[in-house]
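Notebook open, structure loaded. I want to look up a few contacts, the cores and one sheet.

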Amino acid sequence: MIRLFETTTKRKTYSLDKRWEYVLDKENKGKDEKWYKNFPKNSKKIYIPSCLDNEFGNFGFEGTTWYKTEFITEKENAFITFGAVNNECEVYVDGKYIGYHYGAFCEFSFTLSGIGKGNHTLVVMVNNETNRINTVPLTRVDWHNYSGIIRSVEINEIDDIFIKHMSISYKLSDDFKSAILNAKITLESFKEIKDTITLYLNDEKLYCEDVVSDGETIVNIENIRIDNIKLWDIYEGNLYYIKAELNGDDLIDRIGFREIKTKNNKIYLNGKSIKIKGVNRHEEHYDWGFAMPFKLIKKDIDIIKNLGCNAIRGSHYPNSKATLDLLDEEGIMFWEEVPMWGFPKEAIEDELTQKRVLSMHKDMQKRDINRPCIVIWGMFNEIDTSCDEAQKFAQKVYKQIKEGDLSRLVSYASNVREEKEICYKYADIISLNFYFGWYSETKEYWTTFLNNVKEKMKSEGIGDRPIIISEFGAGGIFGYDSFEEVKWTEGTQSDYLDYTLKLFSDFDGVCGTYIWQYCDIRTSDFMSLNRPRSFNNKGIVNEHRQPKKSYFTVKDIYTSTDKYGN
């Protein structure tokens with residue numbers, strides 16, 4: 001994986017980021033012909049990670065693609081991790097089926113027990129087909145659903161016992177100067193074995209104990225006091241390295257100490273009232289798709305920080321580990337969600353939909369549980385939250401997230417009018433996606449609408465919860481302007497954001513904004529007739545990261561307050 005720090009010092013690790021072979025399976029005959037054993041001779045070369053759509057002649061392909069590479073191991077056991085595959089895949093090693101995974105943008109791993117030393121063949125069958133009932137995402141989305149092995153693939157050689165996962169939780173003292181830390185460490189062993197597990201924080205030994213493992217074993221380490229801590233805060237990415245170690249293995253991660261809470265219509269970070277100054281960002285580039293190189297990711301974060309932002313919403317899927325590493329270091333808050341976008345009633349109630357979405361939430365939370373930058377778990381985006389099925393499902397998702405993590409806020413982005421919305425109670429923050437003055441009404445209607453939402457919240461007994469405007473904006477095509485107020489001009493986009501940002505900053509109960517959106521992105525074929533250039537053009541920079549007039553308008557407003565938005 002592309003990380004900004006070393007995650008192990010004892011394992012031998014191989015990156016499979018290199019040239020692979022691939023074949024399109026347009027006739028879906030690969031499984032019948034056992035391509036996982038007999039890979040076709042007419043294969044082409046492709047660099048992994050990448051998006052298939054960015055290979056010449058493959059743009060817009062939906063269906064099955066087979067990928068193949070080789071690797072060498074010097075131990076009997078290995079552990080293979082895929083950063084993300086869109087949308088589903090089957091994995092084969094040396095012609096044998098290893099496992100299946102569903103969930104675009106989600107990391108997953110397989111243990112290769114007894115694989116043996118020497119040369120091995122890895123084949124991955126990938127399918128990115130979508131429908132309108134139970135794929136995640138559905139066919140109708142406002143982004144391009146690139147296919148492929150979009151993030152890094154890695155092999156770890158392991159012994160008969162290794163550390164599979166480490167989850168850290170803590171509770172800060174009232175004065176924020178100390179914390180009580182707990183760790184949950186998952187071991188996996190291939191036989192009954194005794195070892196010693198040690199836990200370190202910045203090289204200071206916190207815990208050491210013998211453990212016996214046979215299969216999967218959970219080690220809970222509780223109630224360790226940490227004093228004189230430096231808080232993770234806005235633009236102050238104070239991080240601590242935490243290491244779990246066995247005699248022959250170790251796993252390293254980073255944590256930051258911070259507290260995020262809501263009270264009396266406000267959001268508090270480390271006890272300080274804070275307003276979100278954010279943008280929605282798709283991790284996408286028209287030349288790279290979702291497989292963005294780190295240099296470009298770093299440029300995006302630099303541009304956003306220069307804007308005066310203290311937060312980013314990851315629209316509409318988990319971002320790469322490298323992105324979150326950088327946000328941890330920079331002290332920028334992050335809202336992370338899964339790509340459940342625009343689901344109607346019949347899709348929400350589908351059993352396979354619910355199974356897939358809940359599984360993707362587990363994958364996302366497991367991967368990123370230790371990250372201080374993540375302050376909001378997003379349940380879903382713009383589904384039909386006016387129906388009973390959505391309310392029942394929202395309750396399931398909210399309950400699952402809270403059972404896994406009580407240290408963060410939970411929300412979802414609603415675009416259902418306030419009189420029909422029935423899911424507000426399953427959100428710690430009421431988050432609203434509307435475009436008054438662009439698609440409907442006038443921008444002045446925002447005032448009426450927000451007052452109606454506050455009345456709705458009060459009537460439901462949740463009037464003390466904060467409100468975030470999680471999406472709002474207007475389209476603007478780079479280089480197109482006019483003396484008149486004309487849609488799609490840079491001037492009209494800039495004026496719209498100037499008006500709405502100033503309105504929201506003064507509106508009681510509104511605790512932040514995520515502008516739609518950071519940069520122009522490709523859209524799906526389904527949406528392209530309503531999107532000039534087949535792009536969603538609401539970015540305040542274009543797809544080349546060139547600033548529009550609105551970028552500087554937003555910067556003037558966002559930088560007029562302190563880092564907490566006050």
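I started with the contacts of T492, skipping neighbours within four places in sequence: they are E484, E485, V486 and K487. Worth jotting down that this is a predicted model. T492 sits in helix α7, residues 490-506. Is T492 buried or exposed? I get a relative accessible area of 10%, and the cut-off for buried is under 20%, so T492 counts as buried.

Next I checked helix α2, residues 321-330. Nine of its ten residues are buried, so the rest of the structure largely encloses this helix. The buried ones are K321, A322, T323, L324, D325, L326, L327, D328 and E330. Just after α2, I found G331 with a positive phi of about 75°.

Then the cores. Which residues touch the most other members of the largest nonpolar core? I found M379, L432 and W446, in a core of 109 residues. I pulled the contacts of L432, again without neighbours within four places in sequence: S414, Y424, F449, L450, V453, I467, I468, I469, S470 and E471. Another core of 29 residues lies apart from that one, and I161, M166, I226 and Y240 are among its members.

Last, a sheet. I looked at an open one with three strands, ordered β20-β21-β22 and paired antiparallel. β20 (260-263) and β22 (272-274) are the edge strands, each pairing on one side only. Ignoring direction, neighbouring strands here are turned by 40° against each other on average. I count three bridges between β21 (residues 266-269) and β22. Across that pairing, I267 stands opposite I274 in β22.

How values were computed. Residues numbered from 1 in each chain as written. Predicted model: local features only at pLDDT ≥ 70, side-chain atom pairs only at ≥ 80, totals over all residues. Heavy atoms only, no water. Buried < 20%, exposed > 50% of the residue type's maximum accessible area, 1.4 Å probe, protein only. Helix = DSSP H or I, 4+ residues; strand = E, 2+ residues; numbered from the N terminus. Contact = heavy atoms within 4.5 Å. Core = buried A, V, L, I, M, F, W, Y, C linked by side-chain atoms within 4.5 Å. Pairing = 2+ DSSP bridges. Axes fitted to C-alpha atoms, helices over the stretch in contact; angles between N-to-C directions.
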